[in-house]
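Me: Here's a model I'd like to talk through with you, mostly to see what stands behind the labels. Ready when you are.

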Amino acid sequence: MLADDLRGMFYVGLKDLRAYYLKPPNISWGILFPFAFVLAFAIRNPTDLRALVPGLIALTLLFGTSSMEAIVIAFEQRIGSLERLFLAPISLPALLAGKLFGGMVFGLTVTLVVLVIVLIVFGAASVNWLLLVLAILLSAAAFSALGAFVSVAVKEVFEAQTLANFIRFPMMFLGGVFVPVDSMPFALQVIARVLPLTYAVEALRAALVGGVQVDMALDLLALGLFTVVLFGLAVNRLARILD
Amino acid sequence: MDIIQVSQLTKVYQSGKGNPPLRAVDAIDFAVPEGEVFGFLGPNGAGKTTTIRMLTGLARPTAGKASVMRLDLASDVTRIKKQIGVVPETSNLYDELSAFDNLVFAMQLYGVPRAERKTRAEELLARFRLSEKRDTPFAKLSRGMKRALTIAAALAHRPPLIFLDEPTTGLDVMSARNLRQMIAGLQKEGVTVFLTTHYLEEAERLCNRIAIIVKGRIVALDTVENLKSAAQSKTVIEMTLADTNNQVETKRVEGESVETAARAALAQTEGRRVLAIDTLRPTLEDVFVKLTGLSAEVMLAEKGRGGGNAGG
């Protein structure tokens, strides 16, 4: 059973990558979009560009993993091909994990490109590599689970896109990408604390420029929790679609 | 040996606030032996697709029991899924993948060993006359080709049991004919086929036994011949008569037996020449009309309006 699930998960992810993700427009958009956003902010407030790097990496991960992920399931449900996966001899969590796997691999690929560019420009002397890998992987998992949850929460592709943007755009401004969370009004800080992007930016900042170890551990724990909760909710919703 | 056994299988859908629950399938019983082509007929919304959805693990039964491939549906659904192939009413492979890649993906999902996948995919493409379309994306295939490839994908892991939901609906005459030949070929290979269709002629030609379902309940289940015999309470004789001016008239006469019907028919010739005399056997359509109160035309028209109703 476990072997069937692992195999199914791998091939569902691989199929999604081939069928939907690995298209030139997706790859170029996935890389250019976060750069364009950060550049626009940097031109308006030309402060320390290095301080924007964690936010740039986090945004690349958020959009890279969740953009397609948020519409794939709704799209397959619409055209009926999701039923093919329901008929396959794999469990629902494995099916959804396959979807997450596809989104994560794509998100990690575009993030790697962006990461290499920023490390060449700003240097890698102060990077904590282990923490960086953990922060990137856990952020990718949390954002991919967020995309999957959005995709199963609605029926139509346009609804998925609307819901994804409704969640992601406010998160971009409240998640500490451009403005540190500590400098925000208290009410906005409370909201920022329930957003996965906040923890991703903090963990990436700690990995790239250093920080307090306890805070880093809490950030990683929060990202892990977001992944588990969003994945669980998505599996539950998928089971209801099935019946 | 029965490959499918169904006992008191029921599916009730909650219809929402203020509406009574919909009993899509209502305590049905049937069994399908190995190697049979089993036809499941009924008007739109009768419960055909819901039954298939339950037997293939896509919907949970509200009550009753079923075993598929001698495995309990309630506890062994993943093992059942490994041994069945399903062709849904809509061809639902992946538009972006080629014909070949769609078949390979189907095999990957079902654990067909890597070494066999390429050969098996080429074999299926050849068998379904799609070799020339090997690298064509699914989206660019004709409707008939999409249907054939969807059936090929369902057979990719060599399942001993295949469910075909309206396989020829919407196909042109030639494509439908080719598909029927393929379905007949499956039986020769020992594959058990569970077939739902709106085309009575198709069911009559392909199926060993037929169940007719109306409003969630099975109202008849037997071989085509037995269903026809049961539907015929009287013998009907059809005569073609010609008078001295060569005016031709066709008359139908009923009788309790062939002998009494023939006597009654001959008594009605009124001196005219008998050009032809024949006993009429009921068709499957007659049986269907008698049991459902619907004509085949009405059923097909309903199908056209209803489309792919999940409750169908």
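**Labels and their cut-offs**

Me: Why is Gln8(B) called partly exposed?

Reply: Gln8(B) has 13 other C-beta atoms within 10 Å. A residue is buried if 20 or more other C-beta atoms, placed from the backbone, lie within 10 Å of its own, exposed if 12 or fewer, and partly exposed in between. So with 13, Gln8(B) is partly exposed. Before going on: this is a predicted model, where local features need pLDDT of at least 70 and side-chain atom pairs count only at pLDDT 80 or more, while totals for chains, interfaces and linings use all residues. Residues are numbered from 1 along each chain as its sequence is written, with chains lettered from A and ligands numbered from 1 in the order in which they are written.

Me: What makes Arg70(B) partly exposed?

Reply: Arg70(B) counts 14 other C-beta atoms within 10 Å, so partly exposed is the label here too.

Me: Which sign does phi of Arg70(B) have?

Reply: Positive, at about 65°, although Arg70(B) is not a glycine. Arg70(B) sits in the loop between β4 (63-68) and β5 (71-72) of chain B. Gln8(B) has a positive phi as well, near 55°, but its place is in strand β1 (residues 2-13) of chain B. Strands here are DSSP runs of E with at least two residues, and helices are runs of H or I with at least four, numbered from the N terminus.

Me: How do you know that β11 and β13 of chain B pair?

Reply: Two strands pair if DSSP finds at least two bridges between them. 7 bridges join β11 (residues 235-242) of chain B to β13(B), so they pair, and they run antiparallel. Val236(B), for one, stands opposite Leu280(B) in β13(B).

Me: Why are β12 and β13 of chain B called edge strands?

Reply: The open sheet has the order β12-β11-β13 (chain B), with antiparallel pairing. β12 (248-255) and β13 (273-280) of chain B each pair on one side only.

Me: What makes residues of chain A and chain B count as in contact?

Reply: Their C-beta atoms, placed from the backbone, must lie within 7 Å. By that rule, 20 residues of chain A are in contact with 20 residues of chain B. On the chain A side, α1(A) gives the most, with 8 residues.

How values were computed: Two residues are in contact if their C-beta atoms, placed from the backbone, lie within 7 Å.
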